[in-house]
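Trainee: Before we use this model, I would like to go through the terms applied to it and ask what each of them rests on.

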Amino acid sequence: MNPTPAPSPVRLLVCDDHAVVRAGLLALLASAGDIEVVGEASSGEEAVELAARLAPQVVLMDLQLGDGIDGVEATRRITAAPDAPHVLVLTTYDTDADITRAIGAGATGYLLKAERPEELFAAVHSAAQGRTVLSPPVASRVMAQMRAPAPQLTERETDILAQLAQGLGNREIARALFISEATVKTHLGRIYDKLGVDTRAGAVAVAKERRLLR
């Protein structure tokens, strides 16, 4: 009997804005034997362009990418394309807002950079098959979010959150709701505390995930 041919290696694109980190990842992935790095990107824009041109099966994506679009927006653009690759986030950030935004943007998996090499290799293969992959700490946070009761926002906080979702700044929100900018800032602080976030984008992402917007 003829031996069964070995499966083709997973075609992978790596995106990280730190050259040293990329070099380390490339060396590590080369040791896997069944993963082929077809390209590397140092920015979100470059990752979007290379994903379309090189047709990888998986994009290994960092979240914080310096200037330009971040990893979440790059993920959103990549996964919106026809025959899009799967995006596997690899980052040091595991806040609720980061996880919610990445998964909401279409990421198939979310890994922390503290994972062991063999876990990263297995995650790449799982992502190539479209299977969801989460680091244990991330999975725990996701489960905690699902089990936690929805935060109780006041009517005014809900109004401000709705304005945030439309992309309005503090001044525009103040004008729309006939309140002062100082009052808007006070309410934003309370909203951030209740949602467990520290950015406007994070607040909107969590609000959409938990269906808090009207």
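Trainee: What makes the 6 strands an open sheet, and in which order do they lie?

Mentor: In this predicted model, the strands follow the order β2-β1-β3-β4-β5-β6 with parallel pairing, and a pair is counted where DSSP finds at least two bridges between two strands. The strands β2 (35-41) and β6 (133-134) each pair on one side only, and they are therefore the edge strands.

Trainee: How do you know that β1 and β3 count as a pair?

Mentor: Strand β1 (residues 10-15) is joined to strand β3 (residues 58-61) by 4 bridges; the rule asks for at least two, so the two strands pair, and they run parallel. Within this part of the sheet, Val14 stands opposite Leu60 in β3.

Trainee: What makes you say that helix α2 packs on the sheet, and which strands does it touch?

Mentor: Helix α2 (residues 44-54) touches β1, β2 and β3, where contact means heavy atoms within 4.5 Å, and its direction makes about 135° with that of β2. Helix α3, for its part, lies across β3 and β4 (86-91) and runs at about 170° to β3; since angles run from 0 to 180 degrees between N-to-C directions, that value means that α3 and β3 point in nearly opposite directions.

Trainee: Why is one space called a cavity, and how many are counted?

Mentor: A cavity is a set of points where a 1.4 Å probe fits but cannot get out, and the count comes to 1 cavity of 30 Å³ or more. The largest cavity has a volume of about 30 Å³, and its lining includes Val14 and Leu60, together with Asp16, Asp62 and Lys113. Both β1 and β3 supply at least two residues of this lining, which divides by class into 6 nonpolar, no polar and 3 charged residues.

Trainee: Why, then, is the other space called a pocket, and what is the volume of the largest pocket?

Mentor: A pocket is an open set of points, so the term applies where the probe is not shut in; the largest pocket has a volume of about 280 Å³. Of the 16 residues that line the largest pocket, the closest to its centre are Arg76, Ala201, Val204, Ala205 and Lys208. The elements giving two or more residues to this lining are α3 (71-80), α4 (96-104) and α10 (200-209), and α10 gives the most, with 6 residues. By class, the lining of the largest pocket has 7 nonpolar, 3 polar and 6 charged residues.

Notes:
Residues numbered from 1 in each chain as written. Predicted model: local features only at pLDDT ≥ 70, side-chain atom pairs only at ≥ 80, totals over all residues. Heavy atoms only, no water. 1 Å grid on protein atoms, 1.4 Å probe; cavity = no way out; pocket = protein on both sides within 12 Å on 5 of 7 lines; lining within 4 Å. Points joined across faces, edges and corners; volume = space filled by probe spheres on them. Nonpolar A, V, L, I, M, F, W, Y, C, P; charged D, E, K, R; others polar.
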